[in-house]
Amino acid sequence: MGAEHTRDLEELAVRARARLVREIERSGVWGADSVWREAFAAVPRHLFVPYYFLGVPGGYERLWGEHPDPERRERWLRGAYADEPLATRLRDGELVSSSSQPSLMARMLVDLRVRDGDRVLEIGAGTGYNAALLAHRVGEENVTSVDLDPEITESARAHLAAAGYRPTVVTGDGARGCPERAPYDRIMATCALRSVPPEWLGQCAPGARILAPVSTGLIALDVRDDTCAEGHFLHTPAYFMALRGGAGGVPEAYVGQLPRRVLREELFRFLLTLTSGHVDAREALALWEREGRPVRERFGVSVRGGRQWAWLDDPEGPHTWELPGTP
């Protein structure tokens, strides 16, 4: 690749990044707080996705930054700054890792309510892009990112170094957190969970906040102590790769039992996945209609006394469901 074309790509990256920032800004995510806007404007996303895959009929098309065709390189670069999730890793033809949609990442980072100097644990390293945004905000020495897959952590470290960031990236089981770097003021998961691992609470500082995808939503938990946390779901839908194993889809058994018009309702599918294993399809539909098609914010999660459960409106109310994987 010639030096002139390299400069052209760098200039294109600057313009594309500025467009992405403006697009996220128009959504109103940041409000009056410009701190995260500055992070997205500074961190070069294209360095974290040196290649990615686009879905095409019959499979995926691979785009990468070192392609010999200049037009293909420019297409890769423009796509790297689209406000879309990008498939970054395939295994046997199946997607196993991705870079999340930037506007969703911005929403999650705002809702994490990070303060200056907070120590943050990220579960799910991905490409390293989210860790870079956090490092820009609170300092790389305050960011720890954990992932089970050594290939993912190795590439995340390389991407971070290329972008000039060196937070701590650990290969390990995210469900166990990272006790050697605790305590944390904020824990943020970028992978789907069936429940919140209790080990995380024990690694939290007083007043910590946990933000994690559960079911097809985002739960924000305020941690009271190492055995107790509680909070509501945010209004934002969220679909992520699982922490490990399967997670989160509408049970196949329900599909044939319910009208298609109901299954097209995104909030009803959220209720189905949250209550899976506790109520049958007809009972879930009756609850949905009786309660006036409740929005996500009416649901919450409590962790207390060795139990973990989801609820509608009231943790001690009539509509509660034990979360999978908890006693």
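**Figure 1. The right-handed β-α-β unit of the predicted model.** In this predicted model, strand β6, helix α6 and strand β7 together form a β-α-β unit of right-handed sense. The helix of the unit, α6, covers residues 150-163. Strand β6 comprises residues 143-147 and strand β7 comprises residues 168-171. These two strands run parallel and are joined by 4 bridges. One residue pair may be located directly in this view: Asp147 has Thr171 of β7 as its bridge partner.

**Figure 2. The largest pocket and its lining.** The volume of the largest pocket is about 850 Å³. A total of 43 residues line the largest pocket, and those nearest its centre are Ser98, Thr190, Cys191, Phe240 and Met241. Two or more lining residues are contributed by each of the strands β3 (86-91), β4 (94-99), β5 (120-123), β6 and β11 (228-237), and by each of the helices α4 (102-112) and α5 (129-138). Strand β4 contributes the most, with 5 residues. Classified by residue type, the lining comprises 21 nonpolar, 16 polar and 6 charged residues. Strand β6, shown in Figure 1 as part of the β-α-β unit, is thus also among the elements that give two or more residues to this lining.

**Figure 3. Helix α10 and the glycine that follows.** Helix α10 spans residues 266-275, and 7 of its 10 residues are buried, so the helix is largely enclosed by the rest of the structure. The buried residues of α10 are Phe268, Phe270, Leu271, Leu272, Thr273, Leu274 and Thr275. Just after α10, Gly277 adopts a positive phi of about 90°.

**Figure 4. Arg15 of helix α1 and its spatial relation to Tyr81.** Arg15 belongs to helix α1, which covers residues 3-26. With a relative accessibility of 44%, Arg15 counts as partly exposed, because this class lies between the limits of 20% and 50%. In sequence, Arg15 and Tyr81 are separated by 66 residues, while their C-alpha atoms are 9.6 Å apart in space.

**Figure 5. Backbone conformations in three loops.** Most residues other than glycine have a negative phi, and most peptide bonds are trans. The bond from Ala182 to Pro183 is a cis peptide bond, with omega near 5°. Pro183 is placed in the loop between β7 and β8 (184-189). Arg113, which is not a glycine, has a positive phi of about 55°. The loop that holds Arg113 lies between α4 and β5, and at 52% relative accessibility this arginine counts as exposed. Ser215 also has a positive phi, near 55°, and is a residue other than glycine. This serine is located in the loop between β9 (204-214) and β10 (217-225). In contrast to Arg113, which counts as exposed, Ser215 counts as buried, with a relative accessibility of 11%.

**Figure 6. The protein chain as context for the close-up views.** The secondary structure of the chain amounts to 11 helices and 14 strands. The C-alpha atoms fill a box of roughly 65 × 45 × 40 Å along the principal axes. The radius of gyration of the chain is 20 Å, which agrees with the value near 20 Å for a compact globule of 327 residues. Of these 327 residues, 53% count as buried.

Notes: Residues are numbered from 1 along each chain as its sequence is written. This is a predicted model: local features need pLDDT of at least 70, side-chain atom pairs count only at pLDDT 80 or more; totals for chains, interfaces and linings use all residues. Side-chain values use heavy atoms; hydrogens and water are left out. Two strands pair if DSSP finds at least two bridges between them. A crossover is right-handed if, with the strands pointing away from the viewer, the path from the first strand over the helix to the second runs clockwise. On a 1 Å grid over the protein atoms alone, a cavity is a set of points where a 1.4 Å probe fits but cannot get out, and a pocket is an open set with protein on both sides within 12 Å along at least five of seven lines; lining residues have an atom within 4 Å of a point. Grid points are joined across faces, edges and corners, and a volume is the space filled by probe spheres set on the points. Ala, Val, Leu, Ile, Met, Phe, Trp, Tyr, Cys and Pro count as nonpolar, Asp, Glu, Lys and Arg as charged, and the others, Gly among them, as polar. The radius of gyration is taken over C-alpha atoms; the globule rule is 2.2 Å times the number of residues to the power 0.38. Buried means under 20% relative accessible area, exposed over 50%, partly exposed in between (1.4 Å probe, protein chains only).
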